[in-house]
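Visitor: I'm new to this one. Could you take me in for a close look at the place where the ligand sits, and then show me what else is worth seeing along the chain?

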Amino acid sequence: MAPPDATLHTVATGRAAETVAQHQNPQDLTFYSAWFCPFNHRVWIALEEKGIPYQYKEVNPYKKEEYFLQINPRGLVPAVKYRGKAIYESLVLLEFIEDAYPSHKPNLLPSDPSDRAHQRIWIDHIAKAVVPASMRLTMAQPNEQEKLETARNELYEALRKLQNEIKGPYFAGEQFTLVDVVIAPWILRDYVSAEHRGFKREDVGEGWVKYAKAIETRDSVCRTMSERDKAKVIYDRYLRGDAHSEAAKAVKAGRPIP
Ligand code: GSH
């Protein structure tokens with residue numbers, strides 16, 4: 001079987017390519033990124049939201065090149081080198097960016113400690129409930145109707161719980177915050193399950209439709225998104241059930257996503 005990188009487009013396209021072009025010079029922060037990756041997309045949105053100077057470097061995480069394993073021994077994007085130190089894991093990186101650049105606005109975490117804790121509870125919900133259900137749905141095969149319906153209902157249920165917490169237009173109200181950053185890449189990519197797995201934003205609820213619109217039209221989100229057709233080769237593998245990423249292997253084995 002061909003490796004996932006054999007026909008994979010190697011660089012960002014569309015608006016994301018323009019953003020990459022603006023971030024070629026060395027900076028304190030080097031961003032090791034894969035244009036197609038939703039986990040990676042979180043970090044990219046945060047860097048753009050806050051106007052942080054960074055150098056963009058494209059990585060194909062499936063190749064597990066030695067230089068990259070030195071940066072992230074888990075071999076996954078996103079990763080960052082900040083003043084010579086390596087940092088990885090999208091959720092850790094989002095908190096790191098907030099901590100390392102306090103003067104860069106907007107703040108993506110509220111100032112009140114209980115509000116910050118509330119954000120972390122819902123980020124945890126996205127990581128443990130929304131993302132796994134979304135992957136199970138994409139990977140469920142059309143001839144496994146029961147599995148497919150269960151995954152779709154689990155996704156609806158997870159999204160409805162999140163929907164009930166949204167103040168509007170964004171999760172925390174007028175301020176665009178980390179919960180929005182963390183869920184945004186999955187909203188931008190829900191067209192895959194809409195086209196192939198019967199997912200409908202309206203079936204989550206009216207509030208979700210409005211929220212999804214607000215997120216997908218946010219400038220930092222749009223200017224870090226590549227053209228859809230370039231990602232087809234990747235999503236087709238998930239849809240056919242022959243994706244071999246670490247996340248896909250975990251979903252197949254019923255383990256938590258790494
Ligand atoms: N928990 C990680 C995070 O949140 O940063 C997940 C990152 C992840 O799974 N990245 C994928 C990757 O690097 C790309 S979307 N895959 C390479 C592989 O699975 O071998």
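Guide: Let's start with a term we'll need: a polar contact here is a pair of N or O atoms within 3.5 Å. Keep in mind, too, that this is a predicted model.

With that in hand, look at Val 77. One of its backbone N or O atoms lies 2.9 Å from a nitrogen atom of the ligand, and that falls within the 3.5 Å limit for a polar contact. Two more residues reach oxygen atoms of the ligand. Ser 90 does it with a polar side-chain atom, at 2.6 Å, while Glu 246 uses a backbone N or O atom, at 2.7 Å. As for cover, on its own the ligand has 520 Å² of accessible area, and the protein covers 93% of that.

Now step back to the whole shell. It takes 14 residues to surround the ligand, and the closest are Cys 37, Lys 64, Glu 89, Ser 90 and Glu 246. Sort the shell by character and you get nine nonpolar residues, two polar ones and three charged ones.

Some of these names come up again when you follow the backbone. Val 77, for instance, is joined to Pro 78 by a cis peptide bond, with omega near 5°. You'll find Pro 78 in the loop that runs between helix H3 (66-71) and strand S3 (79-82). Lys 64 is another one to pause at: it isn't a glycine, yet its phi is positive, at about 50°. Its spot is the loop between strand S2 (54-58) and H3. As a rule, most residues other than glycine have a negative phi, and most peptide bonds are trans.

There is also a cis peptide bond between Lys 105 and Pro 106, where omega is about 5°. Pro 106 belongs to the loop linking helix H4 (90-100) with helix H5 (113-139).

That brings us to the helices. H5 packs with helix H6 (residues 145-163), their axes 8 Å apart and at an angle of about 155°. Because of that angle, H5 counts as roughly antiparallel to H6. The crossing of H5 past H6 is left-handed.

Finally, look at helix H2 (residues 38-50) and helix H7 (residues 178-188). Their axes come within 8 Å and cross at roughly 125°, so H2 is oblique to H7. Here the crossing of H2 past H7 is right-handed.

Key: Residues are numbered from 1 along each chain as its sequence is written. This is a predicted model: local features need pLDDT of at least 70, side-chain atom pairs count only at pLDDT 80 or more; totals for chains, interfaces and linings use all residues. Side-chain values use heavy atoms; hydrogens and water are left out. A residue is near a molecule or strand if one of its heavy atoms lies within 4 Å of it. A polar contact is a pair of N or O atoms within 3.5 Å; within protein, one must be able to donate a hydrogen and the other to accept it, and residues adjacent in sequence count only if both atoms are side-chain atoms. Accessible areas come from the Shrake-Rupley method with a 1.4 Å probe; for residues, only the protein chains shown count as cover. Ala, Val, Leu, Ile, Met, Phe, Trp, Tyr, Cys and Pro count as nonpolar, Asp, Glu, Lys and Arg as charged, and the others, Gly among them, as polar. Axes are lines fitted to C-alpha atoms, for helices over the stretch in contact, and angles run from 0 to 180 degrees between N-to-C directions. Helices (H or I, at least four residues) and strands (E, at least two) are DSSP runs, numbered from the N terminus. Angles under 35 degrees count as roughly parallel, over 145 as roughly antiparallel, 65 to 115 as roughly perpendicular and the rest as oblique. A crossing is left-handed if the near helix is turned anticlockwise from the far one by less than a right angle, and right-handed if clockwise.
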